[in-house]
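User: Hi, I have a protein model open and I'd like to talk it through with someone. Could you help me read it?

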Amino acid sequence: MFSKSAFKLSLIFLCIFLPFFNGAAIFYSHSFSNPFISVDNEVLNFLEINTKLSFFMRIIGGYFLGKLADKIGFFKTMKLIGLGFIIASFSLVFFDPLHIFESEILLCLVHGLMSFLRWSCFILPVIYIFQHNQKIRRFNHSAVAWTAVIFAMFFANLCTTIFSNIDQLTWCIIYGLIGLITNAIYSYVEILPRPKLQKTEEDPISKQAFLLAFLLSGLCAVCISYQYSFIEYYLKNVMIINTAGQQLIYSPFWITLVLTLIPAANITRKLETTKILQKSLLGILLSVGLFYLIPLFDRTILVIHQIIYAISFGLFLPPALRFIYRLLHGYNFYFPMSFTFSLGFSSFILISNHLAKLNLFPAPLVGASLITILMLTCLLINHTYGLSQKNTELRKRIAHTYK
């Protein structure tokens, strides 16, 4: 039987799952129509516009919602975010049937609002969990949080695929109900006893720590977008499932990653950050090397690649979040980690999308090169400034010396 503390923690992880289910399900259940905007003689579809809008909205959301959480508190901020999801679903219910906006414009606005809110539904609860739990448990908490995010997108794709005959109005009602449930959970969790957090004076965040946290956030984004941007479309003729919308459900990468994260967190708990980065990089390079060591693209090689890549990435993902938290002195404040994570994640998602469209080299090679450059840069910065050293005072002193 759960204690009150464990039960509260489980509910917060559920509140990470629900908004990501909403965001992914809206994308799958409300599809874009054919492109109809023309700019400079180039036809642009709304999927492209949506990507660029999401880029800005993720950063703006990380900035303002992080500031808001520091000003009015975690729970009030999360309730406002839940209200935002309810507004998004109601806008689809009431505006779209009345043709107040063209459906594509409305979808872009809704997706923009979702992008503004969604990553704060992940990073703010993670910071709260880190603040109120022991350091030795943060590896597992990070792994569970990432698992909730990935499984939410997986489950949303599964539901919209299996229940494809459900009309859009029903989906909108589901999205609104999920927003209400999330707010109800946060209202309940808020009244449960919780330890008091005493704020202490924190040293200013060094430029080196900010840069490393930014690159680590971007590395999380690149490793995730590698699957979409550099693998699925490049190898679509030999993918396990030829229907792109079902790749999230049946892809060996996503299945392996979900199963890997929590065991990987336990494996890497006693390893230094440098060792984790090195092992993850070697595994990722090995997985990509399969395409060139064995020139015949077939499903067997693809499955092996996906599994090795997922395991290697799974080693990196949980400790990365914990390390970013340490770098940004996030013990007492929400804003530094919220803004830096959203800035790094969104920026490198956009970079990955643009690199994938250049077609200068084979896509897996481009993606692997970007991951390698980022990981080596992170290792170099970490080694130069000693940012992952266990001696906190020495780490701060070294960082400030090079300001």
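**Talking through the model**

Analyst: Happy to, and a good place to start is inside the protein, keeping in mind that this is a predicted model: the largest cavity holds about 70 Å³ of space.

User: And how many cavities of 30 Å³ or more are there in the whole structure?

Analyst: A search of the whole structure turns up 4 cavities of 30 Å³ or more.

User: How does anyone find empty space like that?

Analyst: A probe the size of a water molecule is rolled over the atoms, and this shows where empty space is left.

User: Which elements give two or more residues to the lining of the largest cavity?

Analyst: Those elements are helix 1 (4-29), helix 3 (74-98) and helix 7 (168-191). The residues lining the largest cavity include Cys-15, Asn-22, Phe-85, Cys-121 and Tyr-186, and by class the lining has 8 nonpolar residues, 4 polar residues and no charged ones.

User: OK, zooming out, how many helices and strands does the protein have?

Analyst: The protein has 15 helices and 2 strands, and 55% of its 403 residues count as buried. If you take the contacts with a separation of 6 or more, 84% of them are between residues 24 or more positions apart.

User: What about the surface, how much of it belongs to carbon and sulfur atoms?

Analyst: Carbon and sulfur atoms account for 66% of the accessible surface, which comes to about 18,800 Å² for the protein.

User: Back to the inside, which residues touch the most other members of the largest nonpolar core?

Analyst: That core has 122 residues, and the ones touching the most other members are Phe-122, Leu-124, Trp-146, Phe-316, Phe-341 and Ile-371. Helix 8 (residues 207-232) gives the most to this core, with 15 residues.

User: What does Phe-316 touch, leaving out residues up to four places away in sequence?

Analyst: With those left out, Phe-316 touches Leu-216, Leu-219, Cys-220, Ile-276, Leu-277, Ser-280 and Met-375.

User: Now Ala-363, is that one buried or exposed?

Analyst: Ala-363 has a relative accessible area of 11%, and because buried means under 20%, this residue counts as buried. Ala-363 lies in helix 14 (residues 363-385), and its C-alpha is 9.0 Å from that of Tyr-226, although the two are 137 residues apart in sequence.

User: Then why does Tyr-250 count as partly exposed?

Analyst: Tyr-250 has a relative accessible area of 41%, so it falls between the 20% limit for buried and the 50% limit for exposed. Tyr-250 is found in helix 9 (residues 247-250), and its C-alpha is separated by 9.3 Å from that of Phe-154, which is 96 residues away along the chain.

User: Last one, where is Ile-166?

Analyst: Ile-166 sits in the loop between helix 6 (138-162) and helix 7, and at 30% relative accessibility this residue counts as partly exposed. The C-alpha atoms of Ile-166 and Ser-29 are separated by 8.9 Å, with their positions 137 residues apart along the chain.

Technical notes. Residues are numbered from 1 along each chain as its sequence is written. This is a predicted model: local features need pLDDT of at least 70, side-chain atom pairs count only at pLDDT 80 or more; totals for chains, interfaces and linings use all residues. Side-chain values use heavy atoms; hydrogens and water are left out. Helices (H or I, at least four residues) and strands (E, at least two) are DSSP runs, numbered from the N terminus. Buried means under 20% relative accessible area, exposed over 50%, partly exposed in between (1.4 Å probe, protein chains only). Contact means heavy atoms within 4.5 Å. Accessible areas come from the Shrake-Rupley method with a 1.4 Å probe; for residues, only the protein chains shown count as cover. On a 1 Å grid over the protein atoms alone, a cavity is a set of points where a 1.4 Å probe fits but cannot get out, and a pocket is an open set with protein on both sides within 12 Å along at least five of seven lines; lining residues have an atom within 4 Å of a point. Grid points are joined across faces, edges and corners, and a volume is the space filled by probe spheres set on the points. Ala, Val, Leu, Ile, Met, Phe, Trp, Tyr, Cys and Pro count as nonpolar, Asp, Glu, Lys and Arg as charged, and the others, Gly among them, as polar. A nonpolar core is a set of buried Ala, Val, Leu, Ile, Met, Phe, Trp, Tyr and Cys residues joined through side-chain atoms within 4.5 Å.
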